[in-house]
Structure formats: C-alpha cells, structure tokens
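Dear colleague,

Please find below the sequence and structure that I am handing over to you. My notes on what was found follow directly after.

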Amino acid sequence: MTSLICTLQAHRDDVNWCAFSGTLLATCSGDKTLRIYSTRDFSELPFSPLSGHGYGVHCCCFSTCGQFLASCSTDATTMVWSMVTGEIEAVLQHPGRSPVRICALSPDSAHLVSGASDGTLALWDFPSKKLLRTGGVNDTTMVACSFSPCSQVFMTGSTYGDLRLWDLNMNQLHAEKNAHDLGVTCCTFAPSILSGGQVVQFHLASCGQDSLLKIWVINKFNSGGYKMQLLHTLTGQSAPVLSCAYSSDGQLLVSGSVDKTVTVYDAKNAVLLYTLNQHERYVTACAFSPTSPLIATGSMDKTVNIWRLEDGCSDRGRTSAGRSRLLVSDWSEGDVSAWLVEEGLEGLVDKFMANNIDGTELLSLTKETLASELHIESVGLRSKLLRKVEELKSDSVCIGIPDEFLCPITRELMREPVIAADGYSYEREAIESWINTKNRSSPMTNLPLLTTLLTPNHTLKMAIGRWKTSHQHVKDL
C-alpha cells in the first residue's frame with residue numbers, strides 16, 4: 001500500500017529533480033532555486049530557498065554524509081552548498097561554458113561528474129573542487145549520469161539514445177548505442193554489487209523517450225573487460241519516461257512519466273506494484289529516501305508529492321508463487337479469490353469479493369459465519385471450505401523462520417538487516433564486526449568486498465516485522 005502524505009507547493013516553475021539525504025529532501029526547479037526540507041515533518045529549513053544560479057536548476061545530489069549538496073544549471077555552473085549553513089561552498093564553471101544538464105556524486109564522495117548540453121563531461125575532485133579531466137561525446141546532450149556503488153565507474157546517457165560506461169580516467173569502457181530510441185532521459189545504478197568467481201556484477205536502470213524503463217546487467221571480468229546485457233523491459237507507462245530511481249536496498253524501482261503517472265516496480269522480479277496518479281502534468285523527478293520508506297516525486301505542475309510505502313507487498317501483478325511466499329494473514333481479497341479458484345471453490349468468489357474477505361478474515365471463518373453472513377447453504381460446501389482453511393492454518397503453524405530472515409553470520413533473526421557489497425543481507429552489527437576483523441572479505445563468497453558501505457534493507461526489515469506480527473511467539477526475538 002502506498003499513501004500520499006503531503007504535497008510541497010513552494011516552487012514557482014517546473015520541478016526538475018528531487019534528492020534525499022538521510023535527514024533532508026532537496027528539490028530544484030526552473031525558478032532558479034533549490035528548496036531544502038526536513039524529512040522529519042517536511043518543513044522547509046530556515047536557509048531555504050537556495051538562490052545563486054542565474055537560470056533554471058536541472059539536477060541536484062547530496063554527498064553520502066549529507067553535509068553537501070551539488071546542483072547544476074543552464075548558467076553553465078555546478079554549485080556546491082553547505083547543508084549546515086546553506087552557503088555556497090564552491091562554484092564549478094563547466095569547461096566551454098555550456099549549460100550543465102546533469103551532475104552526480106560518487107558514493108564515496110571523492111568525485112563529481114557534470115554533463116553539459118554540448119556533450120562534454122567534467123570530472124572533479126570533490127574534496128578540493130578541482131577539475132581533474134574532461135571528455136564527452138560530440139553532437140549530443142548529456143542528460144543522465146550515475147556512479148556505480150563501488151565509485152570506480154559511472155554511466156552516462158544522452159539525447160542521442162546511448163548509454164556509455166566510463167572510468168575515472170575518462171576512458172570509455174562500453175557503449176550501448178540505441179539503448180533508448182529518441183533519447184535517454186535518466187539512468188541509475190542499483191546500490192548492490194554482486195561478486196563471485198571471475199565476475200563482478202552491477203544492475204542499472206534507464207528510461208527514455210521510447211516510453212520504456214529498462215533494467216540492465218553489467219558484468220566486470222577479472223580481465224578488466226565489461227559486458228552489458230538487457231535484463232528486463234518494463235512497459236507500465238504509456239508515454240516517455242523521464243526519471244527513475246532505486247530504493248536504497250535495491251528491491252524497488254520508481255519511475256515518472258509524461259503520462260502523469262508514477263510507477264513502482266519490484267525490481268528483482270520486474271513486476272509492477274503500484275501506479276500513482278496524483279500529478280496534473282508530466283512527472284519529471286523521483287527519489288527514494290535512504291532511511292525511511294518514502295518516495296518524492298516532482299512534476300511540471302510545480303509540486304512535489306511525498307508518498308509513504310506502508311509495506312513491501314502489493315495486490316498488483318502478484319502470481320500464485322508470489323502469494324505462496326506471503327503469510328495467509330497478508331493475503332489481499334484478490335489473493336483469497338485466486339486461492340478459491342485453485343482449490344476448486346470458484347463458485348464462492350463473488351460472495352467473498354462482495355463481503356471483502358481478505359486473508360485475515362479467511363482464517364477467522366466459522367460454520368456460523370459461513371451460514372449466517374455469507375449465506376452458503378450447502379453443508380458440504382461449507383465443510384470443504386473449512387477443511388481447506390484448516391489446511392492453510394496447519395501449513396502456517398509448520399513454517400519456521402524463513403531462511404532469508406536469518407543473518408548468514410549469526411543464523412539469528414535479523415533486527416537491522418543491511419546489504420553489503422556482495423549483494424547479501426546481514427545483521428548490521430554482525431557484518432560490521434566481520435568487516436573489522438576479517439580483512440573485508442565476503443562471509444558468503446570469501447572474495448574481497450569492493451566497498452565497506454552498508455545499505456539498510458528496509459524491504460526485508462518490513463517483511464520480518466510483518467512475519468513477527470503474525471507469529472506472536474517470536475515477537476520478542
């Protein structure tokens with residue numbers, strides 16, 4: 001379930017970008033300003049709005065610690081702002097003075113990339129704010145950029161339609177031409193790194209003017225070569241897709257479109273979970289909070305909507321296999337109807353839907369309620385249904401703690417699950433201790449961890465919470 005919790009209406013022109021830090025939300029607009037909000041109550045900070053750019057602001061991004069915010073503009077600059085004072089820390093003039101359309105900070109906050117309307121790229125040393133090197137592609141406009149979670153490579157996208165992978169020496173490692181017909185609009189790396197054997201693997205999402213959202217897998221081989229393959233093509237929106245973003249655990253993917261919708265997908269299974277319809281014009285920006293289940297979406301209607309994900313489940317697009325992974329008490333009315341059909345009780349579907357019977361109510365049915373409230377007159381049909389419900393209850397009782405809820409190190413139910421660079425989830429305290437004592441090797445693969453960054457796995461934490469609620473005997477574990 002997803003709910004709209006507030007709408008921010010301070011900008012006077014199109015909202016072009018949204019970005020979260022752990023405690024703040026930044027938005028930027030064609031009105032030349034950036035606005036900064038506390039994610040605690042979405043009140044605007046005293047030093048907001050930030051004014052300094054001479055023209056519209058296209059993009060903004062936080063340093064990982066949240067201490068700095070970078071923004072870029074048609075005025076050919078990238079500015080760095082202090083999030084303590086709101087003051088300008090640095091003004092980075094783009095080589096050639098071309099309008100800057102995109103900027104991205106590496107996860108380790110060591111580098112900043114800016115991309116411009118003339119196709120040029122500038123790589124900056126972020127701590128010193130010094131220009132390191134330039135590169136680019138002729139006859140196109142750079143509109144998308146994202147660093148890999150290891151901070152060693154970055155992907156760019158252009159109006160030409162190509163995706164290009166670069167290293168920190170501005171060497172082009174791979175070019176995926178015609179990735180999106182008519183042009184790329186956004187790209188973003190998933191936060192996890194998968195490593196094993198001779199290969200390190202990243203996932204990347206991209207979207208474009210072709211109305212498609214694509215998920216790619218990028219393999220890095222020990223030889224130094226890279227290979228990029230299309231994994232999924234998502235078609236949940238009917239017009240150009242302008243923005244996309246992963247959740248901090250990499251489990252969810254959000255996108256905004258010219259069709260005015262926001263879509264949320266299960267990124268792993270490429271399943272559409274939610275379609276949100278509150279904006280009145282094109283949805284140009286979207287972002288997940290790294291610390292709470294919140295999504296921000298910005299639009300040409302000059303507003304920013306804040307959405308809360310109530311849980312990790314969805315009634316949309318769920319298959320029988322997906323339903324079987326849920327506790328019965330988490331089943332929706334649609335899940336119950338699908339189960340009735342599977343059990344040969346399709347004649348009861350209309351009655352159950354009319355009475356809004358979900359998983360919790362299914363488990364509480366009795367002979368009396370079946371007769372008096374649902375008006376099921378056949379004694380044999382009532383008996384068959386109750387027998388099937390008892391089988392569901394019996395199956396639930398026999399279930400132990402799902403293995404994916406256990407920390408691979410301690411084999412205990414996780415309280416604060418985090419994702420490490422090897423792509424596996426661990427209890428935070430356990431993996432931090434492991435990293436400090438085991439020379440940064442993966443507990444699961446024994447290969448070196450490319451980074452010690454740990455990402456909270458909010459989706460898994462919510463799933464564990466729901467499971468504990470339905471299994472009261474483990475609530476205090």
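Helices (H or I, at least four residues) and strands (E, at least two) are DSSP runs, numbered from the N terminus. This is a predicted model, in which local features need pLDDT of at least 70 and side-chain atom pairs count only at pLDDT 80 or more, while totals for chains, interfaces and linings use all residues. Residues are numbered from 1 along each chain as its sequence is written, and side-chain values use heavy atoms, with hydrogens and water left out.

I begin with the backbone. Proline 49 belongs to the loop between strand 4 (33–38) and strand 5 (50–51). The peptide bond joining serine 48 and proline 49 is cis, with omega at about 5°. Two residues other than glycine call for attention on account of phi. Aspartate 139, in the loop between strand 13 and strand 14, has a positive phi near 60°. Serine 151 is placed in the loop between strand 14 and strand 15, and its phi is also positive, near 70°. Most residues other than glycine have a negative phi, and most peptide bonds are trans.

Are these two residues buried or exposed? Buried here means under 20% relative accessible area, exposed means over 50%, and partly exposed lies in between (1.4 Å probe, protein chains only). Aspartate 139 counts as exposed because its relative accessibility is 77%, whereas serine 151 is buried because its relative accessible area is 2%.

The aromatic rings come next. Rings of Phe, Tyr and Trp (its six-membered ring) pair if their centres lie within 6.5 Å; planes under 30 degrees apart count as stacked, over 60 as edge-to-face and the rest as tilted. A search of the whole structure yields three such pairs. One of them joins phenylalanine 68 and phenylalanine 126 edge-to-face, at 5.9 Å centre to centre and with 75° between the planes. Because phenylalanine 68 lies in strand 7 (residues 68–73) and phenylalanine 126 in the loop between strand 12 (120–125) and strand 13 (130–136), this pair ties together parts that are 58 residues apart in sequence. Phenylalanine 68 is buried at 18% relative accessibility, and phenylalanine 126 is buried at 5%.

Another pair consists of phenylalanine 189 and phenylalanine 202, whose ring centres are 6.0 Å apart and whose planes stand at 80°, so this pair is edge-to-face. Phenylalanine 189 is in strand 18 (residues 184–189) and phenylalanine 202 in strand 20 (residues 199–208), so the pair links parts that are 13 residues apart in sequence. Both phenylalanine 189 and phenylalanine 202 are buried.

Lysine 129 accompanies the pair described earlier. A charge sits over a ring if NZ of Lys or CZ of Arg is within 6 Å of the ring centre and within 35 degrees of the ring normal. The charged end of lysine 129 sits over the ring of phenylalanine 68, 5.4 Å from its centre. Lysine 129 also lies over the face of phenylalanine 126, at 4.5 Å from the ring centre.

I turn now to the interior. A nonpolar core is a set of buried Ala, Val, Leu, Ile, Met, Phe, Trp, Tyr and Cys residues joined through side-chain atoms within 4.5 Å. Which members of the largest core, with its 35 residues, touch the most other members? They are Met155, Leu163, Leu204 and Ile218. Elements that each supply at least two residues of this core include strand 15 (153–158), strand 16 (163–167), helix 7 (428–437) and helix 8 (458–470). Helix 8 gives the largest share, four residues. Apart from this core lies another, of 28 residues, among them Ala70, Leu92, Leu121 and Ala122.

Methionine 155 lies in strand 15 and counts as buried at 0% relative accessibility. From methionine 155 to leucine 165 the C-alpha distance is 4.5 Å, with their positions 10 residues apart in sequence. Contact means heavy atoms within 4.5 Å. Leaving aside neighbours within four places in sequence, methionine 155 has contacts including Leu163, Leu165, Phe189, Leu204 and Ile218. With the same neighbours-in-sequence exclusion, isoleucine 218 is in contact with residues including Met155, Phe189, Phe202 and Leu204.

Yours sincerely
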